Amino acid sequence: MKVLIRELKKWSAPATVLLSLYIPPGRPIPDVLNLLRQEYSIAQNIKLKRTRDAVTSAIQSAIDRLTQIPKVPENGLVIFCGENFETEESKCFVFSPPEKVTIFFYRTDKYFHVEFLEDMIEETDVFGLILVERDYATIGVLKGTRIEVLDEFEGFVPGKHMMGGQSQRRIDRIIEEMYANFLKEVGEKANAYLLPYLESQKLKGILLGGPGYAKKDFYDGDYLDYRLKKLVLQPLYDIPDQGDAGLKELVMKAQDILKNQKYVQVQNLLEELKYHIAKDDGLVIYGIEEIRKALQMGAVDSLVVYDEPNTELEKLAQEAENYGTKVYVVGDELPDAEWVKKTFGGAIGKLRYKIY
Amino acid sequence: MSQKPHLNLIVIGHVDHGKSTLVGRLLMDRGFLDEKTIKEAEEAAKKLGKESEKYAFLLDRLKEERERGVTINLTFMRFETKKYFFTIIDAPGHRDFVKNMITGASQADAAILVVSAKKGEYEAGMSAEGQTREHIILAKTMGINQVIVAVNKMDLTDPPYDEKRYKEIVDQVGKFMKSFGFDMNKVKFVPVVAPTGENITQKSENMKWYNGPTLEDYLDQLEIPPKPVDKPLRIPIQEVYSISGVGVVPVGRVETGVLKVGDKVVFMPVGKVAEVRSIETHHTKIEKAEPGDNIGFNVRGIEKKDIKRGDVAGSVNAPPTVADELTAQIIVIWHPTAVSVGYTPVVHIHTASVACRITELTSKIDPKTGKEAEKNPQFLKAGDAAIVKMKPIKELVAEKFREFPALGRFAMRDMGKTVGVGVVIDVKPKKVDIK
Ligand SMILES: Nc1nc2c(ncn2[C@@H]2O[C@H](COP(=O)(O)OP(=O)(O)OP(=O)(O)O)[C@@H](O)[C@H]2O)c(=O)[nH]1
Ligand SMILES: [Mg+2]
């Protein structure tokens, strides 16, 4: 599966011609075929010939494959079809994944949508993250060492500029109504993003935060699906920021709850390393050979290694694990990974005791 | 429209220290609120059993604000003294809403810092996490040099109206402001009681020991900052309205240049050109706006979804710069461990807040000499000054501080705290097609 995903990820096109289709079990094949035929006729209106040909042929091959299948298998069905613009080779991948497909998803895009497959092979727990304020919200997830922003959006709730005078009360009422509508929108989006994780039993909890009281209004107001609401962990967190930065703050503020999560562990370890470096107390080690020596002495407590397959770094991580060191392999999803790579050649460890 | 010179004034300070109350009382005493608004606020306060908060309710008009007794959004009001016409901006003091305060501060020429003298409240504001402290730093960072410190709640000191307490606060706050680079000739102190208006518009009978001017008198002593009318136009956008029948109305303060009805302006980062159909300030139509004016301007040729807070409108022939990378001089004022490459704080600059990743620590600077002390340091600690390179995570308009000061100074925040301040030395522009 991992190999297949890597292969699919290599595909990209200059136009939206790569077809991804996820069919959950129980969905009648004729329904799906109908949809594809509709999409086919819509695609015939595409102006650019090159794009039109590529899209219609992708849809046509999906239809061809699908007609040969009598019933959607137990775990559902996934189809990727498309043409590689460089080699002009067309290909279709059709398979039933190792885990249940929980959503129906169809799209033609510049790349294949493999994110749902990635979720399947990821064995880690998922935590939902929601930040909400009066006119802005962020929805995301925490998986392993990754925090992902799934959506970040603004609600058009005006501030207090236009007010004053005659119609003030009316405007106040309209503003409150817009606020409630915005919370509703946040709820709908959160449900759409997080329920699939719930259905695949990966969702272990939801962290809810934001500045001020909107988070409480959101929680109390039953805007979330009742199953998701049950997963909201208390307390609700005071978080001033939104977006990526806000989600990171949320996770770090909830570190007591999340102390077994890799993200929190790595982040704390990195902070600890910085602390020791700043103090210059000899408890930090870097350089592949230096680390190897320290490993042999049994002196390395934990190690952060930059994720670079088929290199000395990968070997080092393996060796360290054999010595019983806590090893964290980090990729570019972590802001500090760049620092580990640039400043320390990709590996930095915390020592149990001073060795020099 | 008033012919008096115009000043933007922000009211800042720790949560619950009495900012909204002070502004409400001031505006009411001077007749800048209509009967209806006053009555409505009084009734609403009564209904919620919070009669003591009726003055704050004049400004805190959102349901959420009234029920919880905190300011969340900025309120802009007009107000006049003998000498000036003011736009007064009431800012929130709650730590969760510091980003709103920064937006307000970026648009102000002067500030009233409200500090409660009540036991415990003053100390909370001046603690390491307190917003009296943080707002002082941020006001300075956003270019505010003139500050009137209103030492409030003098009726609640122990004993009431205690001169000793007042002096202690003046001394400590003054020292702190000085350490952050304020010219103390431009900082004034006055003991006040907001709900009764003492030393705000009239002298206090209870504080005979104070012989200085009232807060209102101090307002007339403020100075008008220079107006850079000759520079290319820059208006950082604070909010965008879409009004049915009217169209798109961005709101913001003119920082440099002049805007006239009929002008073509470009909005960055989208790069779309639009035509100005009308300009308004405080519900009054004007033909021309200058630096310092807070305006809403109706534009044709752009949609609401194209622009948002933090974008900048500017001259078509000298458009605002979208930054691919920034070189900045920063000072780390607070950090628990160390700042290294990869660190990604939220940068608050003019009305924008965008996370920026530090991609290079170019050099550490000796604060005494201003010279390079270390090349490419591995990390920075609290107290360090440095030149760094930063990459905005999202599109961001920024200018060199030397050319457009208001668009070139910033605060860095992380985990709900201000970790540093800085100015932009250089900008590597991102190419944007003007449509
Ligand atoms: N006794 C007394 N109470 C005051 C004084 N000033 C304000 N208060 C009270 O303090 C409380 C907070 O006042 P606000 O004006 O809402 O404070 P604020 O600074 O605007 O608060 P935020 O906007 O939420 O940061 C209210 O209950 C006021 O009535 C004062 O001088 N004396
Ligand atoms: Mg207030």
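**A magnesium site, a sheet and a disulfide**

The magnesium ion (ligand 2) has two protein donors, B:Ser20 through OG and B:Thr71 through OG1, which lie 1.9 to 2.0 Å from the ion. The structure described here is a predicted model. The two donors come from distant parts of the chain: B:Ser20 belongs to helix α1 (residues 19–29) of chain B, while B:Thr71 sits in the loop between α4 (63–68) and β2 of chain B, 51 residues apart. Are these residues buried or exposed? B:Ser20 has a relative accessibility of 6% and therefore counts as buried. B:Thr71 is buried too, with a relative accessible area of 8%.

It helps to step back and view the chain that holds this site. Chain B contains nine helices and 22 strands. The radius of gyration of chain B is 22 Å, close to the 22 Å given by the globule rule for 435 residues, so the chain is as compact as a globular protein of that length. Along its principal axes, the C-alpha trace of chain B spans about 60 × 55 × 35 Å. Of the 435 residues in chain B, 61% are buried, and B:Cys356 is one example, with a relative accessible area of 0%. Among contacts in chain B with a separation of 6 or more, 70% are between residues 24 or more positions apart.

Next comes the way the strands are arranged. Strands of a sheet pair through backbone hydrogen bonds, and the pairing can be parallel or antiparallel. In chain B, six strands form an open sheet with mixed pairing, in the order β2-β3-β1-β4-β5-β6. Which strands stand at the edges? They are β2 (75–80) and β6 (187–191) of chain B; each has a single partner strand, so one side of each is left without a neighbour in the sheet. On average, neighbouring strands of this sheet are turned by 25 degrees against each other, direction ignored.

Inside the order just given, strand β1 (residues 6–12) and strand β4 (residues 110–116) of chain B run parallel and are joined by four bridges. Here B:Val11 stands opposite B:Ile112 of β4(B). Helix α8 (residues 163–179) of chain B lies across β4, β5 (146–152) and β6 of chain B, and runs at about 160 degrees to β6(B).

Antiparallel pairing can be followed further along chain B, around strand β15 (residues 312–315). Strand β7 (residues 234–243) of chain B pairs with β15(B) in the antiparallel sense over three bridges, and B:Ile235 has B:Ala313 as its bridge partner. Strand β10 (residues 264–268) of chain B also runs antiparallel to β15(B), with four bridges joining the two. In this pairing, B:Met268 is matched with B:Val312.

Finally, how many disulfides does a search of the whole structure find? One is found over all chains, and it joins A:Cys81 to A:Cys92 with an S to S distance of 1.8 Å. A:Cys81 lies in strand β2 (residues 77–84) of chain A and A:Cys92 in strand β3 (residues 89–95) of chain A, so the pair ties together parts that are eleven residues apart in sequence. The link of A:Cys81 and A:Cys92 is right-handed, with 80 degrees about the S-S bond. Both A:Cys81 and A:Cys92 are buried.

Technical notes
Residues are numbered from 1 along each chain as its sequence is written. Chains are lettered from A and ligands numbered from 1 in the order in which they are written. This is a predicted model: local features need pLDDT of at least 70, side-chain atom pairs count only at pLDDT 80 or more; totals for chains, interfaces and linings use all residues. Side-chain values use heavy atoms; hydrogens and water are left out. A disulfide is a pair of cysteine sulfur atoms within 2.5 Å. Buried means under 20% relative accessible area, exposed over 50%, partly exposed in between (1.4 Å probe, protein chains only). Two strands pair if DSSP finds at least two bridges between them. Axes are lines fitted to C-alpha atoms, for helices over the stretch in contact, and angles run from 0 to 180 degrees between N-to-C directions. Contact means heavy atoms within 4.5 Å. Donors are N, O and S atoms within 2.8 Å of the metal (3.2 Å for Na, K and Ca); water is not among the atoms, so sites may look incomplete. The radius of gyration is taken over C-alpha atoms; the globule rule is 2.2 Å times the number of residues to the power 0.38.
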